[in-house]
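Let's take a walk through this fold, from the inside out. Have the sequence and the 3D view open as you read.

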Amino acid sequence: QVQVVESGGGSVQPGGSLRLSCAHSGTVFSVDIVGWYRQAPGKQRELVASIDTGGNADYADSMKGRSTISRDNPGSPVYLQIKSLKPEDTAVYYCNVRVLEFSGSYVDYWGQGTQVTVSS
């Protein structure tokens, strides 16, 4: 089992910035990919950014240039820094941790989400 806990959400004015944190713990063979997703009311959950074991990052087109996903090592918390926030960034942000279990299976674990609200 893996526990995933997000933090760092809140209310911010347009143009502001936030840093979200995803802490994960548990006994697994390895952590594969950690991704940040978001879900706005009435919309499907979408990938915002991800980082793999090699530290390679990938971003949704809407987040390129104004967000940075980072971590120190595969087991450390994963951060998502977002700047120039827009009202359309308002959503619940979820962290997904894909792990390789000792059984040889890949399993996805989700956190409970953290609310980000962008409004004036």
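What follows covers the core, the disulfide, the cavity and a few loop residues. Keep in mind that this is a predicted model.

**The core and its disulfide**

Start in the middle. The largest nonpolar core has 29 residues, and the members that touch the most others are Cys-22, Val-34, Trp-36, Leu-80, Tyr-93 and Val-97. Strands E1 (2-7), E3 (18-26), E4 (30-39), E5 (46-52), E8 (78-82), E9 (91-100) and E11 (114-118) each put two or more residues into this core. Strand E9 gives the most, with five residues. As a general point, nonpolar side chains tend to be buried together in soluble globular proteins.

Val-34 is a handy residue to click on. Setting aside residues up to four places away in sequence, Val-34 touches Cys-22, His-24, Ala-49, Ser-50, Ile-51, Ile-69, Val-78, Cys-95, Asn-96 and Val-97. That list takes in both Cys-22 and Cys-95, and these two cysteines form a disulfide with their sulfur atoms 2.0 Å apart. Searching the whole structure turns up one disulfide. Its link, between Cys-22 and Cys-95, is left-handed, with -75 degrees about the S-S bond. It ties distant parts of the chain together: Cys-22 sits in strand E3 and Cys-95 in strand E9, 73 residues apart. Both Cys-22 and Cys-95 are buried.

**A cavity**

How many cavities of 30 Å³ or more does the structure hold? There is one, and the largest cavity has a volume of about 40 Å³. Val-34 turns up again here, lining the largest cavity along with Val-31, Asp-32, Ile-51, Asp-52, Thr-53, Arg-71 and Pro-74. Strands E4 and E5 each supply at least two of the lining residues, and E4 has the largest share, with three. By type, the lining divides into four nonpolar residues, one polar and three charged.

**Out in the loops**

Now for three loop residues. Here is how they compare on accessibility:

| Residue | Loop | Relative accessible area |
|---|---|---|
| Gly-15 | between E2 and E3 | 56%, exposed |
| Phe-29 | between E3 and E4 | 54%, exposed |
| Ser-84 | between E8 and E9 | 39%, partly exposed |

Why does Phe-29 count as exposed? Its relative accessible area is 54%, and the cut-off for exposed is over 50%. Which residues does Phe-29 contact, leaving aside its neighbours within four places in sequence? They are Leu-100, Glu-101 and Phe-102. For Phe-29 and Glu-101, the C-alpha atoms are separated by 5.2 Å, although the two residues are 72 apart along the chain.

Ser-84 falls in the partly exposed class because its relative accessible area is 39%. The backbone is worth a look here too: phi of Ser-84 is near 50 degrees, a positive value in a residue other than glycine. Most residues other than glycine have a negative phi.

Gly-15 and Ser-84 belong in one view. Not counting residues up to four places away in sequence, Gly-15 touches Ser-84 and Leu-85. So the loop between strand E2 (10-12) and E3, where Gly-15 lies, meets Ser-84 of the loop between E8 and E9. Gly-15 and Gln-115 make another pair to check, 100 residues apart in sequence and 17 Å apart in space, C-alpha to C-alpha.

Technical notes
Residues are numbered from 1 along each chain as its sequence is written. This is a predicted model: local features need pLDDT of at least 70, side-chain atom pairs count only at pLDDT 80 or more; totals for chains, interfaces and linings use all residues. Side-chain values use heavy atoms; hydrogens and water are left out. A nonpolar core is a set of buried Ala, Val, Leu, Ile, Met, Phe, Trp, Tyr and Cys residues joined through side-chain atoms within 4.5 Å. Buried means under 20% relative accessible area, exposed over 50%, partly exposed in between (1.4 Å probe, protein chains only). Helices (H or I, at least four residues) and strands (E, at least two) are DSSP runs, numbered from the N terminus. Contact means heavy atoms within 4.5 Å. On a 1 Å grid over the protein atoms alone, a cavity is a set of points where a 1.4 Å probe fits but cannot get out, and a pocket is an open set with protein on both sides within 12 Å along at least five of seven lines; lining residues have an atom within 4 Å of a point. Grid points are joined across faces, edges and corners, and a volume is the space filled by probe spheres set on the points. Ala, Val, Leu, Ile, Met, Phe, Trp, Tyr, Cys and Pro count as nonpolar, Asp, Glu, Lys and Arg as charged, and the others, Gly among them, as polar. A disulfide is a pair of cysteine sulfur atoms within 2.5 Å.
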